[in-house]
Amino acid sequence: MKNIFAALLLIASAPAICDDAKTDLPAWMTGSWERIEGEKWADEFWTPPKAGIMIGASRSGHGGKLGFWEHMRIVREADGRLAFWAISGDQKPVRFAAVRSDQKEIVFENPAHDYPQRIRYWRMDRKLNVQISLLDGSKVVDFSFEMMGN
């Protein structure tokens, strides 16, 4: 019994397998974000990094009508690389690999996907910016979200 108790104490005091401070998950995306343009609206939500994952959700619409919704996650995969997974509406999940990341920007790509093929997030003060495009840089769409609670 003593050995089991000692083993449990050792396990409990051991460092976590995934040290979130070192995972390079984009913690700067954490929060509630919104964009309002007249009757058009959109919001995006990101959880803080924990256990190697960030979970996101997005929706947009016009007035009281929902036009689009999406579930997202950013995860550290078994090979150590970050990936962005998106499930839009009732579609199958789509994976985008992280190709560039720093303290205020992260870029994901999937050349096999029809559109978008590139998703870029970057933070400027209280704004979360998103740009989607094809890999060649065409068909660019930009979104800028303000931190909720301004």
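User: What makes R59 a good place to start, and which residue stands opposite R59 in β3?

Analyst: D43 stands opposite R59. Keep in mind that we're looking at a predicted model here.

User: How do you know that β2 and β3 count as paired strands?

Analyst: Pairing takes at least two bridges. Strands β2 and β3 (residues 53-62) have seven, and they run antiparallel, so they count as paired.

User: What makes β1 and β2 a pair?

Analyst: That's the bridge test again. Strand β1 (residues 31-37) is joined to β2 (residues 40-46) by seven bridges, in the antiparallel sense. The cut-off is at least two, so β1 and β2 pair. Want a spot to look at? G31 stands opposite W46 in β2.

User: What sits in the turns of these hairpins?

Analyst: Between β1 and β2 there are two residues, and G38 in that turn has a positive phi of about 65 degrees. The hairpin of β2 and β3 has six residues between its strands, and A51 there takes a positive phi near 55 degrees.

User: Why is M148 called partly exposed?

Analyst: Its relative accessible area is 29%. Buried would need under 20%, and exposed would need over 50%. M148 falls in between, so it's called partly exposed.

User: Where is M148, and what is M148 in contact with?

Analyst: M148 lies in the segment after β10. Leaving aside neighbours within four places in sequence, M148 is in contact with S32, W33, E34, D43, F45 and R126. M148 and R35 are 113 residues apart in sequence, yet 9.2 Å apart in space, C-alpha to C-alpha.

User: Which residues touch the most other members of the largest nonpolar core?

Analyst: That core has 23 residues, and the ones touching the most other members are M29, W46, I74, F84, Y121 and L128. Among the elements giving two or more residues to this core are β2, β4 (65-76), β5 (82-88) and β8 (118-124).

User: How do you know that those core residues are buried?

Analyst: The core is by definition a set of buried residues, so M29, W46 and the rest of the 23 must be buried to be members. As for F84, its contacts beyond four places away in sequence include W46, M72, I74, F96 and Y121.

User: Which residues lie nearest the centre of the largest pocket?

Analyst: F68, E70, S88, I132 and F143 do, out of 28 lining residues. By class, the lining has 17 nonpolar, five polar and six charged residues. About 570 Å³ of space lies in this pocket.

Note on methods. Residues numbered from 1 in each chain as written. Predicted model: local features only at pLDDT ≥ 70, side-chain atom pairs only at ≥ 80, totals over all residues. Heavy atoms only, no water. Helix = DSSP H or I, 4+ residues; strand = E, 2+ residues; numbered from the N terminus. Core = buried A, V, L, I, M, F, W, Y, C linked by side-chain atoms within 4.5 Å. Buried < 20%, exposed > 50% of the residue type's maximum accessible area, 1.4 Å probe, protein only. Contact = heavy atoms within 4.5 Å. 1 Å grid on protein atoms, 1.4 Å probe; cavity = no way out; pocket = protein on both sides within 12 Å on 5 of 7 lines; lining within 4 Å. Points joined across faces, edges and corners; volume = space filled by probe spheres on them. Nonpolar A, V, L, I, M, F, W, Y, C, P; charged D, E, K, R; others polar.
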